[in-house]
Amino acid sequence: MQKKEIITKLKESKHSKVKVAITDIDGVLRGKFMHRDKLISALDSGFGFCAVVFGWDMGDNAYDNTSLVGWHTGYGDFDAELDPSTFRTIPWEGDTPFLLANLTKANTTAETVCPRGLLKNVIAEAKEMGFVPMFSQEFEWFNFKETSTSLADKNFNKLEPLTPGMFGYSILRMSENSDFFHDLFDLLEGFNVPLEGLHTETGPGVTEAAIQYSDILEAADRAVLFKTAAKEIAAKHGITASFMAKQTSELPGCSGHIHQSLWDLEKKTNLFFSGDEAHNMSTTMQSFLAGQLHCLPEILPMLAPTINSYKRLVEGAWAPTTLTWGLDNRTTALRVLAGSHKATRIEHRVVGADVNPYLAMSACLASGLYGIKHKLQLKTKPTIGNGYEDVSNGLLPTNLLEASNKMKTSSTAKALFGDTFVNHFTSSREWEWRSFAAAVTDWETKRYFEII
């Protein structure tokens, strides 16, 4: 949608306010209401957004180890710009108008740590190479019969799941909660986040949704908006939706798999498909895949960003632990689906539901392009059978500190995303680790309180 169309719609709207949001480093939408007249002005001139959203964690605790934003900078405003292409209305809020924003290049170094801005830079590189990335993301998440108040009252313990037991792909469970499932599908469609599929997954109250594929920036916008929208729609039904990667050690974790392919600039030819190559994989696809395998250990925090992420990446829990790829193999890190011209793609299975989609998609695309630029070849054959047992190409880092330290000192990561982003992002992950290390957990209390 063009600016003129948006202005016309806003002037004709019954609403005098517009909801505006920007995505922080953790993938959390930070936003506000803006008066219609102010927003119309901001479409041309931009607006200021408080820099603190890139200087604190998801609990609003200010970082003490970052140079870009901190007490030493005074927490002024960063210049932000609205993206007219993101205009949509919120069906569950009376069709309130909504727009996404990102930091502008006027911020020089600050722009490079804006997740949406980072992805736009990687997309520009892809287009210079003659590629249009087509991506989509799918999410698994838990639903509980709880509110934000009951969560606090229960201290997040003994929560009631939406449905009991293990019942993946259950028509029965969907029927029992039909109002919620219908609202998810229909309201998301009205919010321009169309779903390809929606079903229950294995685990009490677990749901999976696959978002329709599109150009990568739109795919990332949809993924970010999906997580917040699902939570808001759930709340209307007295439900809390949780995208935490690992709810409990007794159950599988929640994935956020990303499906990827590269097309020509006219979007007519899937450049991953070749009927003349082994497994229908073009040389472009093979180099892209090799780049992802090569870079994966160096940029893992962009795909597994929290302490909890690594508790999902364990053997036998439907999440990968090894640097592997396979043909339609759900035990490997990268699952190749190379059938028809239209559907040939790579599914990145390391990605969890707790990611920032802009950063995860930036990591996927940049690492794949790295393989193409350096003409990398696949050194390993596809893993047959159990990917957990194939350690020939190495293992993934096993915790956030290990992964962050590896990324912080990685020349590859800095070549892909620049020193400023790598330093700021890994510092934020180090902060996350320090915050966890300082906490006394339930596990420690149960283990040491009485017996030690």
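Start by selecting glutamate 111, which sits in the loop between β6 and α3 (115–128). The helix and strand names come from DSSP runs, numbered from the N terminus: helices are H or I runs of at least four residues, strands are E runs of at least two.

Before you go on, a word about what is on screen: this is a predicted model, where local features need pLDDT of at least 70 and side-chain atom pairs count only at pLDDT 80 or more, while totals for chains, interfaces and linings use all residues. Residues are numbered from 1 along each chain as its sequence is written, and side-chain values use heavy atoms, with hydrogens and water left out.

**Stop 1: glutamate 111**

Is glutamate 111 buried or exposed? Its relative accessibility is 7%, so glutamate 111 counts as buried. (Buried means under 20% relative accessible area, exposed means over 50%, and partly exposed is in between, using a 1.4 Å probe and protein chains only.) Now show what surrounds glutamate 111: leaving out residues up to four places away in sequence, it touches Leu103, Thr104, Lys105, Gly117 and Asn121. Contact here means heavy atoms within 4.5 Å. Then draw a C-alpha to C-alpha distance from glutamate 111 to threonine 420: you should get 9.7 Å, although 309 residues separate the two in sequence.

**Stop 2: phenylalanine 421 and the cores**

Move along to phenylalanine 421. Not counting neighbours within four places in sequence, phenylalanine 421 is in contact with Ile25, Thr112, Val113, Leu118, Met302, Leu359 and Met407. Phe421 is also among the residues with the most contacts inside the largest nonpolar core, along with Phe226, Met302, Leu365 and Phe417. That core has 101 residues, and helix α7 (residues 216–236) gives the most to it, with 12 residues. A nonpolar core is a set of buried Ala, Val, Leu, Ile, Met, Phe, Trp, Tyr and Cys residues joined through side-chain atoms within 4.5 Å. In soluble globular proteins, nonpolar side chains tend to be buried together.

There is a second, separate core of 31 residues, and Ile7, Met34, Leu99 and Leu103 are included in it. Click on isoleucine 7, in helix α1 (residues 3–12). Setting aside residues up to four places away in sequence, isoleucine 7 touches Ile40 and Leu43. The C-alpha atoms of isoleucine 7 and leucine 43 are 9.0 Å apart, with their positions 36 residues apart in sequence.

**Stop 3: aromatic rings**

How many aromatic pairs does a search of the whole structure find? It finds 18. Rings of Phe, Tyr and Trp (its six-membered ring) pair if their centres lie within 6.5 Å; planes under 30 degrees apart are stacked, over 60 edge-to-face, and the rest tilted. Try phenylalanine 47 and phenylalanine 49: their ring centres are 6.2 Å apart and their planes are at 65°, so this pair is edge-to-face. Both phenylalanine 47 and phenylalanine 49 are buried.

Next, pick phenylalanine 98 and phenylalanine 191, another edge-to-face pair, at 5.8 Å centre to centre and 65° between the planes. This pair links distant parts of the chain, 93 residues apart: phenylalanine 98 is in strand β6 (residues 96–103), and phenylalanine 191 is in the loop between α6 (178–190) and β8 (195–200). Phenylalanine 98 and phenylalanine 191 are buried too. For a group of rings, select Phe139, Trp141, Phe226 and Phe243, which form one aromatic cluster.

**Stop 4: aspartate 57**

Head to the loop between β3 (47–50) and β4 (77–82), where you'll find aspartate 57. Aspartate 57 is buried yet has no salt bridge, and the nearest side chain of opposite charge, arginine 30, is 6.3 Å away. A salt bridge needs a side-chain nitrogen of Lys or Arg within 4 Å of a carboxyl oxygen of Asp or Glu; for charge, Lys and Arg count as positive, Asp and Glu as negative, and His and the chain ends are not counted. What does the side chain of aspartate 57 make a polar contact with? The partner is the side chain of tryptophan 431, at 2.8 Å. (A polar contact is a pair of N or O atoms within 3.5 Å; within protein, one must be able to donate a hydrogen and the other to accept it, and residues adjacent in sequence count only if both atoms are side-chain atoms.)

**Last stop: phenylalanine 156**

Finish in the loop between α4 (148–153) and α5 (171–176), at phenylalanine 156. Phenylalanine 156 has a positive phi of about 60° although it is not a glycine. With 57% relative accessibility, phenylalanine 156 counts as exposed.
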